[in-house]
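Student: I would like to learn how to read a few features of a structure. Could we go through them one at a time?

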Amino acid sequence: VIALGDDLSPGTLLDAYRHGCFPWPGSGWPAIPWCSPDPRAVLPPGRLHVSRSLRARLRTCGWHTTVDTAFDDVVAGCADRPETWITPAMRTSYGALHREGHAHSIEVWTADGRLAGGLYGVHTGGIFSGESMFHAQSDAAKIALVDLVARLRTGGGVLLDCQQPTEHLRRMGQVVVRRADYLALLLDVRDRPVRLPRERLPVARLVQP
């Protein structure tokens, strides 16, 4: 935690991400904590590991993915759990940041058009900072992550910022780096003209040959 404050306006949020910081509401604080972890958990696209079972799921499920077609629904899915830091104020603020073109969602859809899962986060040049993901169908959150990495790489991005390490993401290739190294890379790439490809795409394409 490097600061406290309740200003969640889009301008404040974007400036925070451009400096390696993000809000993380929690109990026991007089205001919202803003965090810049050391070490920082990241996933370089080239390190992504897709398990054999997930490759089989990608190959056979018949699902597809989209970008920014159901942002509010994805955030709602991520917040729908017994304990969540995604407060109503956070949902409103990230929705506003999305409408300004800086927060994005990946949606995973079943063959019959149901939202199976997804993720959302903030895009800052060559880095995408993942905020949260959810699944209504088995493996959908993992598929959203694999899809995001593929789109980020295609668009010229260099890093998926995972913020905090988790065992689940470690198995998919997450590593930790020094805060100073992350901030130096962010400074170098935050103004790159990287755009996520926005086409509706089948998840079967994500299977490595």
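**Reading a buried aspartate and its sheet**

Tutor: Start with Asp 161, which counts as buried because its relative accessibility is 0%, where the cut-off is under 20%. Keep in mind that this is a predicted model.

Student: Where in the fold does Asp 161 lie?

Tutor: Asp 161 belongs to strand 9, which covers residues 159-163. That strand is mostly covered: five of its five residues are buried.

Student: Which polar contacts does the side chain of Asp 161 make?

Tutor: One goes to the side chain of Arg 40, at 2.8 Å. Another goes to the side chain of Tyr 182, at 3.3 Å. With neighbours within four places in sequence left aside, the residues in contact with Asp 161 include Ala 41, Val 42, Ile 127 and Phe 128.

Student: How should I read the directions of side chains along a strand?

Tutor: In a regular strand, side chains alternate between the two faces of the sheet. In strand 9, Leu 159, Asp 161 and Gln 163 point one way, while Leu 160 and Cys 162 point the other way, and all are buried.

Student: How do I read strand pairing, and which strands pair with strand 9?

Tutor: Strands of a sheet pair through backbone hydrogen bonds, and the pairing is either parallel or antiparallel. Strand 4 and strand 9 run antiparallel and are joined by three bridges. Within that pairing, Ala 41 has Gln 163 in strand 9 as its bridge partner. Strand 8 pairs with strand 9 in the parallel sense, also over three bridges. There, the bridge partner of Phe 128 in strand 9 is Leu 160.

Student: What connects strand 8 and strand 9 in the β-α-β unit?

Tutor: Helix 5, residues 140-155, makes a right-handed β-α-β unit with strand 8 and strand 9.

Student: What is the strand order of the sheet of eight strands?

Tutor: The order is 10-4-9-8-7-6-5-11, in an open sheet with mixed pairing. At the edges are strand 10 (175-177) and strand 11 (201-202), each pairing on one side only. Helix 7, residues 179-189, packs on this sheet and touches strand 4, strand 7, strand 8, strand 9 and strand 10. The direction of helix 7 makes about 110° with that of strand 8. Strand 7 (residues 115-124) and strand 8 (residues 127-135) run antiparallel and are joined by eight bridges. In that pair, Thr 124 stands opposite Ile 127 of strand 8.

Student: What is the order of the sheet of three strands, and how are they paired?

Tutor: That open sheet has the order 1-3-2, with antiparallel pairing. Strand 1 (3-4) and strand 2 (22-23) are at the edges with a single partner strand each, so one side of each has no neighbour in the sheet. Strand 2 pairs with strand 3 (residues 33-35) over two bridges, in the antiparallel sense. Phe 22 has Cys 35 as its bridge partner in strand 3.

Student: How many disulfides does a search of the whole structure find?

Tutor: A disulfide is a covalent bond between the sulfur atoms of two cysteines. The search of the whole structure finds zero disulfides. For Cys 21, the nearest cysteine sulfur is that of Cys 35, 6.8 Å away. That is beyond the cut-off, because a disulfide needs the two sulfur atoms within 2.5 Å. For Cys 78, the nearest cysteine sulfur is that of Cys 162, 14 Å away.

Student: Are Cys 21 and Cys 78 buried or exposed?

Tutor: Cys 21 is buried, at a relative accessible area of 8%. Cys 78 also counts as buried, at 0% relative accessibility.

Definitions and conventions: Residues are numbered from 1 along each chain as its sequence is written. This is a predicted model: local features need pLDDT of at least 70, side-chain atom pairs count only at pLDDT 80 or more; totals for chains, interfaces and linings use all residues. Side-chain values use heavy atoms; hydrogens and water are left out. Helices (H or I, at least four residues) and strands (E, at least two) are DSSP runs, numbered from the N terminus. Buried means under 20% relative accessible area, exposed over 50%, partly exposed in between (1.4 Å probe, protein chains only). A polar contact is a pair of N or O atoms within 3.5 Å; within protein, one must be able to donate a hydrogen and the other to accept it, and residues adjacent in sequence count only if both atoms are side-chain atoms. Contact means heavy atoms within 4.5 Å. Two strands pair if DSSP finds at least two bridges between them. Axes are lines fitted to C-alpha atoms, for helices over the stretch in contact, and angles run from 0 to 180 degrees between N-to-C directions. A crossover is right-handed if, with the strands pointing away from the viewer, the path from the first strand over the helix to the second runs clockwise.
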